[in-house]
Amino acid sequence: MVGAPAIERVGVVGCGLMGSGIAEVCARAGLDVLVREVDEATAEAGRGRLVKSLDRGLSSGKLTEEERDAAVSRLAFTTDLGDMADRQLVVEAIVENEKMKTDVFGQLDRFVADEQAILASNTSSIPIMKLGIATARPEQVIGIHFFNPVPVLRLVELVTSLMTSPDTISQADSFATDVLHKRVIRSQDRAGFVVNALLIPYLLSAIRMMESGFATADDIDTGMVEGCNHPMGPLHLTDLIGLDTTLAVAQSLYEEFKEPLYAPPPLLSRMVEAGLLGRKTGRGFYEYGSR
Ligand SMILES: NC(=O)c1ccc[n+]([C@@H]2O[C@H](COP(=O)([O-])OP(=O)(O)OC[C@H]3O[C@@H](n4cnc5c(N)ncnc54)[C@H](O)[C@@H]3O)[C@@H](O)[C@H]2O)c1
């Protein structure tokens with residue numbers, strides 16, 4: 001794909017926590033961005049989250065009014081995946097569910113007309129190979145794994161499957177580095193990649209510690225903030241990531257490596273069943289006023 005045209009038209013599938021952040025950084029980088037959500041109400045909620053984040057950029061002086069307005073004007077929303085037909089790069093950021101993601105990749109493969117287009121996933125733990133083989137273009141399927149909040153955290157993990165082509169890797173690397181100004185690290189296609197394979201056992205240990213009555217949530221978090229200079233304690237961080245996402249990533253890690261340190265503690269499973277998903281639902285290990 002030497003000499004492939006610069007990526008100007010990007011699609012983002014899913015506009016939750018991560019999809020809205022990915023769409024925001026792409027629009028701020030001057031790209032034409034089309035976002036797909038499941039229905040009008042969810043698309044509107046995602047759009048609201050995104051505009052609120054741009055407004056925060058304006059009030060903190062990181063964006064001018066013109067830059068904010070220009071970013072908003074580059075964003076469009078749809079509920080029809082078929083509208084992704086003219087995209088050169090699509091980043092999937094739907095819920096961490098293998099069946100749902102492989103379905104989306106199969107459909108994108110049929111809808112996206114440009115044979116050179118790259119189909120990327122923001123998955124935290126699902127093997128890129130499984131998404132690649134759901135398409136007829138596994139060499140153009142890659143993991144572009146952003147971190148939350150996307151407009152703030154610079155890291156991107158590029159995850160390549162055994163089938164991802166060198167051209168796809170170099171295009172995705174240059175997109176993340178030169179266009180979005182992210183800091184890229186590379187990972188083999190192993191559940192959790194680099195960061196979550198290290199982070200998730202730490203979060204699960206904190207949950208087990210609290211569950212066993214070893215220490216309170218506050219003391220666990222204060223210990224890591226004040227004792228290790230972490231910006232946020234592990235239970236606050238789990239609330240920020242989302243307990244459902246944390247559970248799904250732990251399950252993928254456990255399935256891949258069968259190591260007890262990746263096994264989700266019962267408390268995490270019960271909280272997810274109860275809908276206590278963290279910040280996004282207003283309650284997790286802590287309670288939150290406005291989301
Ligand atoms: N939360 C994090 O900190 C974090 C960090 C890095 C990566 N990720 C990954 O990003 C992905 C999304 O996570 P999130 O935290 O944004 O989840 P989320 O629950 O906030 O958002 C998921 C969104 O996907 C939408 N959706 C579901 N099916 C869809 C479909 N077929 N088409 C379009 N939209 C669809 C849902 O309506 C929802 O709005 C997951 O794969 C997760 O593992 C999450």
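Helices (H or I, at least four residues) and strands (E, at least two) are taken here as DSSP runs, numbered from the N terminus. The structure is a predicted model, in which local features need pLDDT of at least 70 and side-chain atom pairs count only at pLDDT 80 or more, while totals for chains, interfaces and linings use all residues. Residues are numbered from 1 along each chain as its sequence is written, and side-chain values use heavy atoms, with hydrogens and water left out.

A good place to begin is the ligand. It is surrounded by 25 residues, the closest being Met18, Glu37, Glu96, Lys101 and Ser124; a residue is near the ligand if one of its heavy atoms lies within 4 Å of it. Of this shell, 11 residues are nonpolar, 9 polar and 5 charged, where Ala, Val, Leu, Ile, Met, Phe, Trp, Tyr, Cys and Pro count as nonpolar, Asp, Glu, Lys and Arg as charged, and the others, Gly among them, as polar. Helix α4 supplies the largest share of the shell, 3 residues.

Polar contacts (pairs of N or O atoms within 3.5 Å) reach oxygen atoms of the ligand. A polar side-chain atom of Lys101 is 2.7 Å from one ligand oxygen atom, a polar backbone atom of Leu17 lies 3.0 Å from a ligand oxygen atom, and for a polar side-chain atom of Lys280 the distance to a ligand oxygen atom is 3.4 Å. On its own the ligand has 840 Å² of accessible area, and the protein covers 88% of it (Shrake-Rupley method, 1.4 Å probe). Two or more residues of the shell come from each of α1 (17–28), α4 (98–111) and β6 (141–146).

Turning to the strands, β1 (residues 9–13) pairs with β2 in the parallel sense over 5 bridges; pairing requires at least two DSSP bridges between two strands. In this pair, Val13 stands opposite Arg36 of β2. On the other pairing, β2 runs parallel to β3 (residues 75–78) with 4 bridges, and Arg36 stands opposite Thr78 in β3. In β2 (residues 32–36), 4 of the 5 residues are buried, meaning under 20% relative accessible area, with exposed set at over 50% and partly exposed in between (1.4 Å probe, protein chains only).

Some backbone details complete the picture. The peptide bond from Asn148 to Pro149 is cis, and Pro149 sits in the loop between β6 and β7 (155–160). His181, although not a glycine, has a positive phi of about 60 degrees and is exposed, with a relative accessible area of 55%.

Methods. A polar contact is a pair of N or O atoms within 3.5 Å; within protein, one must be able to donate a hydrogen and the other to accept it, and residues adjacent in sequence count only if both atoms are side-chain atoms.
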